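These are my notes from a first look through one model. I kept each entry short and wrote down what I looked up.

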Amino acid sequence: MEFVNTFWALVPPIVAIVLALITKETYSSLFIGILVGALLATGFNPIGTIDTMINEGFVPAISGNAGIFMFLVILGFMVALVNTAGGSAAFGKWAAKHVKSRAGAALAAFVLGVLIFIDDYFNCLTVGSVMRPLTDQQKISRAKLAYIIDATAAPICMIAPVSSWAAAVSGVAGQLDTGVSGIQLFIQAIPYNFYSLLTLIFVIALTVMGFDYGPMAKAELKALQGELGSLGNDESVEISKASLWDMLVPIIMLIVFCVIGLVYVGGYWDPESGVAGDFIGAFGNTDAFVALPWGSLIALVLSIIYLICRRVITFKGAMECAVKGFNAMVPAILILTFAVTLKNMTGLLGAAEYVAGVMEAASKGLFMMLPAIIFIVACLLAFATGTSWGTFGILIPIVLPIFDPSSPLLMIGISACLAGAVCGDHCSPISDTTIMASAGANCNHIQHVQTQLPYAVTVALISFVNFILAGLIQNPWICLAIGAVMTIAVLFVLRATIGKKTGCVEQQ
C-alpha cells in the first residue's frame, strides 16, 4: 500500500494530538486519529476501515490491556475505600501539622514519586491518591501535582535498575549480540540519560525557587484562589475513629504485595523459570500486566478486612466503594483504550520501518552528532506514538549496529534512545503514562498536557545540547555537571523574565 512505511504512518497520531490541543477534547480527537489511521491502512475502503478499527484496533487494545484495566479499577476501589473510611482526611490533618508550605508539599510528592520506582503506572496512581489531600491543603493545583507525578514516573523508572522499565530495556537489548547482558547495558547507560536525570534537578530547583511559567503559572495562581482543577469524585470523609494508619496500612500492603507479585510472576519461586531465587532476574522476567493486578487484588481484600475490623467502615459501605472506584477510573480506561488503538493503527502503517529508514540515513552524516540526532528521533517517535517501550523497542536494534562495540559512543547512543523515549512519552497526550498521571492527580488530561509541555520542552532542549557535548567530550559526569548548571541557569533566566511567583505567595 502506498501509505505503509512512509511519513503517512505518523499522520494519524499527529492529527489526534493537534486536534486534542486545539479542541481540548480527548475522546473525539483520538477517535478521529484512529479513523484516519484505519482509512490509510485500508486504502480508504469503508467496510475494511470499520473491520480494521475493531479487529486490529479496539479488540486487541482491550484484550491486551485487560490486566492494567483491572489494576486501575482495583486502585480506584482502594482510593474510594480509604476516602470513605476517613483515612485520607486523617492523613490530611496529619500533613497539615507537619508540612507548612507549598514547597514542602511539592517536595513530599516528589520524594514519594522517587521512592516508588518499581513501575510507572503504580507510581502515578499511588502517588496521586496519597498526596492529593496534602497538595489540596497547600493549594497546589492538580495540574502541578500531575506534572510532579509524571516527572517521577517514567524518568525514575528509566534510571532504576529494579523496575519494569529496566526489565523491558534488558529484554530488548538482551536479544542482541552486544557482549554484555541487557541489565548491564541498562545500568551503564544511566549516567548518560540526561533527560531523566535533569528532569529531577529541574523539579527540585523549580520548587525551591518558588515560581512557575507558562500555563502552569496560571493554574497555580488559580489554585491559590481556591480553583484546584479537580474533576471531583475524590472528596474525603472525616471520621472520628479514623487515623493516619487507615491510609498508610492499605498503601503499604499495596506496595508489598505488588512487589511480591512482580517477582512471583517473574518466576522467583518457580524452579523451572531459570531465575528461581534471583530477585533481579525475576524482575527482568516479569509481566507487570499480570503482576500488578495479582498484588493489588490481595492488598484490596486485606484492606477491606482491616478497615472493617477497625470499625471505620461497614461491609456494605466497602462494597459501595467498588462502584465509586470504577466510575472514577472510567475516563482513564477510555483514554487508554483509544490511545492504544491509535498505536495499533500506526503499527499497521509501518511506523517502525519508516523510522528505521530515517535513522539509517542519519547515521551516514556527522557521526559525533549522532547521539543528539537519535535523541530527537526518539522524542518525535515517542511523542507521535505515545509509547516509550515501543520507541526503544524500535530504535535499540537500529542504534546498536551503528556504533563500534568498544566505542563510548555506543553507550551514549543507547542512552540518547532511552532519554528521547522518556521525553517524547512525557510530552505526548496519547502516552499511557501521561494518562495515568492525569488519573492519579484526578485532573483534566488536556490541561495536564498543556501545563507540563513547556517544562518538558525546556529540559529536552538542555538535554539535546548535552548530547551534542557528550558526542565530543564522552564523559558522563562532566556532561551531567554542565547540564545541571545549564538547567539552574535557565530557570534563573526564566524567573527573571516570564516567571510568576507561586510558591512564595502569601495565602489568604
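**Cysteines.** I looked for disulfides and found zero in the structure. Cys157 is in no disulfide, and the nearest cysteine sulfur, that of Cys124, is 8.2 Å away. I noted that the model is a predicted one. Cys157 counts as buried, at 0% relative accessibility. I then checked Cys479. The closest cysteine sulfur to that of Cys479 is in Cys379, 17 Å away, which is too far for a bond. Cys479 is buried as well, with a relative accessible area of 0%.

**Salt bridges.** How many salt bridges does a search of the whole structure find? I got five, and I wrote up three pairs.

- I found Arg142 in a salt bridge with Asp136, where the closest N and O atoms are 2.7 Å apart. Arg142 is buried at a relative accessible area of 2%, while Asp136 is partly exposed at 23%.
- Asp246 forms a salt bridge with Arg310, and I read 2.9 Å between the closest N and O atoms. Asp246 belongs to helix α14 (residues 245-265) and Arg310 to the loop between α16 and α17, so this pair ties together parts that are 64 residues apart in sequence. I have Asp246 as buried at 0% relative accessibility and Arg310 as partly exposed at 28%.
- Asp432 forms a salt bridge with Lys343, with 3.9 Å between the closest N and O atoms. I noted that this pair links distant parts of the chain, since Asp432 is in helix α22 and Lys343 in helix α17, 89 residues apart. Asp432 counts as buried at 16% relative accessibility, and Lys343 counts as buried at 15%.

**Helix α2.** I took α2 (residues 26-41) as a helix to follow along its length. It has 16 residues and reaches 23 Å from its first C-alpha to its last, close to the 22 Å expected at 1.5 Å a residue. Which residues of α2 are buried? My list is Thr26, Ser29, Leu30, Gly33, Ile34, Gly37, Ala38, Leu40 and Ala41. An α-helix has 3.6 residues a turn, so residues three or four places apart point the same way. With that in mind I looked at the partners, and the buried residues of α2 pack against α1 (11-23), α3 (46-64), α17 (315-348) and α23 (445-473).

**Ala20.** I next looked at Ala20, which is in helix α1. Ala20 is buried, at 5% relative accessibility. Setting aside neighbours within four places in sequence, Ala20 is in contact with Glu25, Ser29 and Ile446. Ser29 is also among the buried residues of α2. I checked Leu134 too: its C-alpha atom and that of Ala20 are separated by 30 Å, with the two positions 114 residues apart along the chain.

**Positive phi.** Most residues other than glycine have a negative phi. I therefore wrote down the residues that depart from this pattern. Just after α2, Gly43 takes a positive phi of about 65 degrees. Phe44 also has a positive phi of about 65 degrees, although it is not a glycine. Phe44 is in the loop between α2 and α3, and I have it as partly exposed at 48% relative accessible area. Arg311 is not a glycine either, and its positive phi is about 60 degrees. I placed Arg311 in the loop between α16 and α17, where it is exposed with a relative accessible area of 66%.

**Nonpolar patch.** I looked for nonpolar side chains at the surface. Met70, Leu297, Val301, Leu302 and Ile305 form a patch of this kind, and together they have about 400 Å² of accessible area. The largest share, four residues, comes from helix α16 (residues 288-309). Leu302 is partly exposed at 33% relative accessible area.

**Ser431 and His448.** Ser431 is in the loop between α21 (408-427) and α22 (432-441). Is Ser431 buried or exposed? I have it as buried, with a relative accessible area of 0%. Leaving out neighbours within four places in sequence, Ser431 is in contact with Gly386 and Asp425. The C-alpha atoms of Ser431 and Leu336 are separated by 8.2 Å, though the two are 95 residues apart along the chain. My last lookup was His448, in helix α23. His448 is buried at 0% relative accessible area. Again leaving out neighbours within four places, its contacts include Ala143, Tyr147, Asp150 and Thr434.

Definitions and conventions: Residues are numbered from 1 along each chain as its sequence is written. This is a predicted model: local features need pLDDT of at least 70, side-chain atom pairs count only at pLDDT 80 or more; totals for chains, interfaces and linings use all residues. Side-chain values use heavy atoms; hydrogens and water are left out. A disulfide is a pair of cysteine sulfur atoms within 2.5 Å. Buried means under 20% relative accessible area, exposed over 50%, partly exposed in between (1.4 Å probe, protein chains only). Patches are made of residues with over 30% relative accessible area and no salt bridge: like charges are joined within 9 Å, nonpolar side chains (Val, Leu, Ile, Met, Phe, Trp, Tyr) within 5 Å. Accessible areas come from the Shrake-Rupley method with a 1.4 Å probe; for residues, only the protein chains shown count as cover. A salt bridge is a side-chain nitrogen of Lys or Arg within 4 Å of a carboxyl oxygen of Asp or Glu. Helices (H or I, at least four residues) and strands (E, at least two) are DSSP runs, numbered from the N terminus. The expected span of a helix is 1.5 Å times one less than its number of residues. Contact means heavy atoms within 4.5 Å.
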